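Student: I have a structure to look at and I don't know where to begin. Can we go through it together?

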Amino acid sequence: MPAEPALTSAPEAATAAPEPVDFRKAMAEFATGVTVVTAIDGGEPVGFACQSFASVSLEPPLILFCADKRGRSWPRIRSAGRFCVNVLAEEQRDLCERFGSSRGARFEGLDWEVSRWGAPTLPDVLLAVHAVVHDVHEAGDHEVVIGRVLAVERHEVVDGVWRRPMVFFRSRFGVGEPDAPIAPDPWGIGDRWGWG
């Protein structure tokens, strides 16, 4: 029976790791969805745009997202313990820009509500995943957050029309549109996802 390869015993590559800007450009080749992670901390809503989101396990239902350790919202979401991952539809670019910016009040003038699971749900999102912080793993300049899912709310059809997800690819919203405008800063520079 062959032995399992050891993850830590492989020899280092002869070349240096890619520079951050090169790595960022390379990762732009992987299309992702766009989410906004929200919570209530100290009676105030907090949230940030995040593209690093995935399912982890069906039994128990677990998800993950990645948050920059230097962000302002993530420590408050961690403190709250409960959060909602709001998956954006392609027509919700305004929400993406609102929560992706480090400037301005993210919830000011926005029609949102606290779900029965205790976190803000944004209006008309494609999917709301309600969860509690299950585990947190340090990973370089980010933390990988594992959430235990409490409930999901799907809104994939509105007025009988099937909705498409917001997709971020090559620093643009959408795919197959080479002339689509580059996402506004901080999206266009690609280093603020999960900034919090």
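**Cysteines, aromatics and a patch**

Tutor: C66 is buried, with a relative accessible area of 18%; buried means under 20%, exposed over 50% and partly exposed in between, using a 1.4 Å probe and protein chains only. This is a predicted model, in which local features need pLDDT of at least 70 and side-chain atom pairs count only at pLDDT 80 or more, while totals for chains, interfaces and linings use all residues. Residues are numbered from 1 along each chain as its sequence is written, and side-chain values use heavy atoms, leaving out hydrogens and water.

Student: How many disulfides are there?

Tutor: Zero, where a disulfide is a pair of cysteine sulfur atoms within 2.5 Å.

Student: Why is C50 not in a bond?

Tutor: Because the closest cysteine sulfur, in C66, is 6.7 Å from the sulfur of C50, too far for a bond. C50 is buried, at 0% relative accessibility.

Student: Switching topic: how many aromatic pairs does a search of the whole structure find?

Tutor: Five. Rings of Phe, Tyr and Trp (its six-membered ring) pair if their centres lie within 6.5 Å; planes under 30 degrees apart are stacked, over 60 edge-to-face and the rest tilted. One of the pairs is F65 with F83, edge-to-face at 5.2 Å centre to centre and 80 degrees between the planes.

Student: Where do F65 and F83 lie?

Tutor: F65 lies in strand β5 (residues 62–68) and F83 in strand β6 (residues 82–87), so the pair ties together parts that are 18 residues apart in sequence. Helices (H or I, at least four residues) and strands (E, at least two) are DSSP runs, numbered from the N terminus. Both F65 and F83 are buried, and they form one aromatic cluster with F48 and W74.

Student: What about S73, which helix is that in?

Tutor: S73 is in helix α2 (residues 73–80), and counts as buried at 7% relative accessibility.

Student: What does the side chain of S73 make a polar contact with?

Tutor: The side chain of R106, at 3.2 Å. A polar contact is a pair of N or O atoms within 3.5 Å; within protein, one must be able to donate a hydrogen and the other to accept it, and residues adjacent in sequence count only if both atoms are side-chain atoms. The S73 side chain also reaches the backbone oxygen of G47 at 3.2 Å.

Student: Last one: is F30 buried or exposed?

Tutor: Exposed, with a relative accessible area of 58%. F30 sits in the loop between α1 (20–27) and β1 (32–33).
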